[in-house]
Amino acid sequence: ILTLNYDDFVEQAYTELRGKTFHSLDDYLRDPQCRIAKLHGSIDWWGLIQRKSAPLVQDRDSWWEECVRELDLGAWQPSPEDVLVERTDGPCRNRWRTTAGAAEMLAYYPLLTAPLASKTRTSFRCPDTHLEAVRAALSEADKVLVAGFSAYDTHVLELINESVVTAPRRFDSVGLGSDTDPARDRFRDGAPAFFQCETAGGGDQ
């Protein structure tokens with residue numbers, strides 16, 4: 001499953017059907033029968049942006065706001081080890097941690113792609129392992145279901161295009177709409193290799 005949505009509906013459905021939960025980014029790829037890649041991040045992903053010795057932090061909220069002001073979102077890409085996967089009733093912005101007897105404050109920021117028109121390769125908010133899983137799945141797929149994709153995200157189209165270039169066989173696709181659908185035109189322009197691999201008549205169902 002490749003999704004650009006931030007919500008956790010996929011995770012909820014997976015947990016209900018499979019009885020498994022997500023505690024780390026690696027958990028999304030552990031099940032060989034259902035791997036999930038959330039390219040633009042998720043509402044329950046929080047990336048570490050800064051840490052300080054706890055005694056130096058007097059006002060937690062003010063310190064977090066200062067950390068955010070200093071954050072370069074365009075270049076920020078936390079390592080998977082620095083990402084929390086956790087649903088909370090409130091913002092998971094900062095928390096204490098004690099390591100080897102020393103307390104420190106950790107500042108976290110939502111790991112989400114900003115909803116801007118000019119997204120690039122740096123806009124992906126998932127780890128490289130998720131991108132590699134997407135490339136592998138598309139290169140091996142014999143059926144592709146496309147649902148609700150506007151095809152405005154050129155960086156996603158580039159990923160799809162480069163992934164299916166090496167596809168060893170053609171595949172059927174469903175859900176792309178008719179030949180007069182503007183989204184289909186954008187998809188074809190951004191990922192021509194996808195349509196070259198698609199079997200005749202597969203996309204208009």
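# Elements around the largest pocket

At least two lining residues of the largest pocket come from each of four elements: β1 (2-3), α3 (128-140), β7 (143-145) and α4 (154-164). The structure described here is a predicted model. Among the contributors, α3 gives the most to this lining, with five residues.

The space in the largest pocket comes to about 940 Å³. Its lining consists of 33 residues, and the closest to the pocket centre are Ile1, Leu2, Thr3, Val144 and Leu145. By class, the lining of this pocket holds 23 nonpolar, five polar and five charged residues. As a general principle, a probe the size of a water molecule, rolled over the atoms, shows where empty space is left.

# The chain as a whole

How many helices and strands does the protein chain have? The secondary structure comprises six helices and eight strands. Read from the N terminus, these elements follow the order β-α-β-β-α-β-β-β-α-β-α-β-α-α.

The protein chain has 205 residues, of which 41% count as buried. Its accessible surface amounts to about 11,500 Å², and carbon and sulfur atoms account for 52% of that area. Contacts across the sequence are also informative: among those between residues at least 6 apart in sequence, 75% join residues at least 24 apart.

# Strand β3 and its partners

Strand β3 (residues 41-53) runs antiparallel to strand β6 (residues 102-112), and eight bridges join the two. Within this pairing, Trp46 of β3 has Pro110 in β6 as its bridge partner. Strand β3 also pairs with strand β4 (residues 83-85), again in the antiparallel sense, over three bridges. Here the bridge partner of Gly47 is Val83 in β4.

Ile49 is one residue of strand β3. Is Ile49 buried or exposed? Ile49 counts as buried because its relative accessibility is 18%, and the cut-off for a buried residue is under 20%. Ile49 and Ala107 stand 58 residues apart in sequence, yet their C-alpha atoms are 5.7 Å apart in space. Leaving aside residues up to four places away in sequence, Ile49 touches Cys67, Val68, Leu71, Trp76, Ala107, Tyr108 and Tyr109. In a regular strand, side chains alternate between the two faces of the sheet.

# Helix α4 and the loop before it

Helix α4 is mostly covered, since eight of its eleven residues are buried. These buried residues are His155, Val156, Leu157, Leu159, Ile160, Asn161, Ser163 and Val164. Which helices do the buried residues of α4 pack against? They pack against α3, α5 (182-190) and α6 (192-197). In an α-helix there are 3.6 residues a turn, so residues three or four places apart point the same way. Helix α4 also belongs to the set of elements that each supply at least two residues to the lining of the largest pocket.

The loop between β7 and α4 contains Ala151. Although Ala151 is not a glycine, its phi is positive, at about 65°. Ala151 has a relative accessible area of 4% and is therefore buried, the limit for that class being under 20%.

# Asn5 in the loop after β1

Asn5 is located in the loop between β1 and α1 (9-18). Why is Asn5 classed as partly exposed? Its relative accessible area is 45%, which lies between the 20% limit for buried residues and the 50% limit for exposed ones.

Asn5 and His40 are separated by 35 residues in sequence, while the distance between their C-alpha atoms is 6.9 Å. When residues up to four places away in sequence are not counted, Asn5 touches Lys38 and Gly41.

# The enclosed cavity

Besides the pocket, the structure holds one cavity of 30 Å³ or more. The space in the largest cavity comes to about 40 Å³. Which residues line the largest cavity? The lining is made up of Leu25, Gln77, Pro78, Ser79, Pro80, Val83, Leu111, Arg125, Cys126 and Pro127. Seven of these lining residues are nonpolar, two are polar and one is charged.

One lining residue of the cavity, Val83, is also the bridge partner of Gly47 in the pairing of β3 with β4.

Note on methods: Residues numbered from 1 in each chain as written. Predicted model: local features only at pLDDT ≥ 70, side-chain atom pairs only at ≥ 80, totals over all residues. Heavy atoms only, no water. 1 Å grid on protein atoms, 1.4 Å probe; cavity = no way out; pocket = protein on both sides within 12 Å on 5 of 7 lines; lining within 4 Å. Points joined across faces, edges and corners; volume = space filled by probe spheres on them. Nonpolar A, V, L, I, M, F, W, Y, C, P; charged D, E, K, R; others polar. Pairing = 2+ DSSP bridges. Buried < 20%, exposed > 50% of the residue type's maximum accessible area, 1.4 Å probe, protein only. Contact = heavy atoms within 4.5 Å. Areas by Shrake-Rupley, 256 points an atom, 1.4 Å probe, with all protein chains shown as cover.
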